[in-house]
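Reader: I should be grateful for a close look at a single part of this structure. Please describe one helix and its surroundings in detail.

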Amino acid sequence: MAALHHRDERGHPPEHWGSSLGFVLAAAGSAVGLGNLWGFAYRASQGGGAAFVVLYLLIVLVVCLPVLVAEMVLGRSTGHAPLLAPITAGGRRWAPLGWLYMAAAIGILSYYAVLMGWTGRTLLHALLDGLPADMAAAEAYFAEISSGGDAVLGHLISLGLTGLVVAAGIRGGIERLSRWGMPLLVLMLLGLVLWAASLPGAHEGYRTFLLRWDAAKLTDAGTIRNAFTQAFFSIGTGIGAILAYAAYLDRRSAIPSEAVAVVGMDTAVGLMAGCVTFPVVASFGLSDVVSGSTVGTLFISLPTGLASLGFNGRLVAAVFFSLAYIAAITSSVSLLEVPTSSLMDRLGWSRDRTVWVMVALIGVLGLPSALDVAVLERMDALFGGVLLISGGLGMALLLGWGVPARFRADLEGSGSRRWLVRGLLWALRWVSPPAIAIGLAVSVADLVR
Ligand code: PFF
């Protein structure tokens, strides 16, 4: 068994992050993605505005944050990739967890690359041809790009770009991309938030998004399920992506503060994206569209709304879909890193070889989603919902109950205060598992419905 801290088959030395900031930006890049831009606003509009946001924040803080810390500890303390880290920490009986991470990451990337393809295509369309004139034109345009040859091409190109970054390595590829990509993304989003605030009717948008309070929604099964799925998918914890990154982490860095930074950035971007999409939708009278039930909402309602602004609208659309593509690629690289580092770790293969074998495999696996949106939605419910949340449960059980001493030793050994470590461990043992089990039961019930 080779390990990530050994040389690979070509004799390359082990890899590391250039700095702690580089790791945080890459991990935040993994978290901030299409899920923030599309899913957050869409689910908030379905789940009753502020009630959804409150539930979401609660789940992120008390359930996801401890799991994220556990995931980072598992990666750093074992120095192994997601496939082998659970065995190294807890012994052979935890092997299925490693396979679960592999399956979830590969499954998610297979359809995530298709969504990236749509994003890239919409960007090119806004730049080169302009925006659809009305709703009917937008729907026809979306039907054209979201299945068939266009979607397959977009999927393969996006996967290829992801492969190029991952093949360039942790420091030269992923860290470099995150270092310029993340600040640029935040800057562009900030610009759009300010612009959206100036729209007539912006206030109405904020009202539907954040200020509409319906206490009954707090106990509504649909809202709870939405908040769970969104929290886990958006933070991206429970599937080994952050674990894979943490395996290249320095022993001294302060994991709890890094986890808080990642969660904070992710939530801020979700809220900011809502402060762009909701005013646009309200201002152009498209509210019934955003509460529709397909993953295409963003690709239909936003461009249609912006079309009436002429050149400025095109500019805004170009900025929005560029930042969406940056958000997506900093996420897709983390998904590809899961099987890549796992096979490098397990078989001692070189990074290049592993990346391209995986890209070929995932390219094929994604074809059904590229050809049929209904398949994509099923894949999302299964891999991005059930498997991802199960992985989070496994992570909480492994570090909370299986090897709590490892959790304590790693964090206290790197300078975290005892009370903090105790509090996190308590949440990991007593809060996360039962809460995740409830979220999982609701997600499974939804899947088989
Ligand atoms: N968090 C990403 C998003 O919100 O789009 C998606 C994602 C990335 C999920 C990495 C899971 C993951 F491991």
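Author: The following account concerns helix H7 and then turns to helix H19. This is a predicted model, in which local features need pLDDT of at least 70 and side-chain atom pairs count only at pLDDT 80 or more, while totals for chains, interfaces and linings use all residues. Residues are numbered from 1 along each chain as its sequence is written.

Helix H7 comprises 19 residues, 149-167; helices here are DSSP runs (H or I, at least four residues), numbered from the N terminus. From first C-alpha to last, H7 reaches 27 Å, close to the 27 Å expected at 1.5 Å a residue, where the expected span is 1.5 Å times one less than the number of residues. Its buried residues are Ala151, Gly154, His155, Ser158, Leu159, Thr162, Gly163, Val165 and Val166. A residue is buried if 20 or more other C-beta atoms lie within 10 Å of its own, exposed if 12 or fewer, and partly exposed in between, with C-beta atoms placed from the backbone. The cover over these residues includes helices H5 (95-128), H6 (135-145), H8 (170-197), H15, H16 (351-365) and H17 (367-371); contact requires C-beta atoms, placed from the backbone, within 7 Å. Just after H7, glycine 169 takes a positive phi of about 100°.

In helix H19 (residues 404-413), the buried residues are Phe407, Asp410 and Leu411. These lie on the same side of H19 because they cover an arc of only 90° around the axis, the arc being that of the directions from the helix axis to the C-beta atoms. Ala405 and Gly413, on the other side of H19, are exposed. Just after H19, glycine 415 has a positive phi of about 95°.

Notes:
Helices (H or I, at least four residues) and strands (E, at least two) are DSSP runs, numbered from the N terminus. Two residues are in contact if their C-beta atoms, placed from the backbone, lie within 7 Å.
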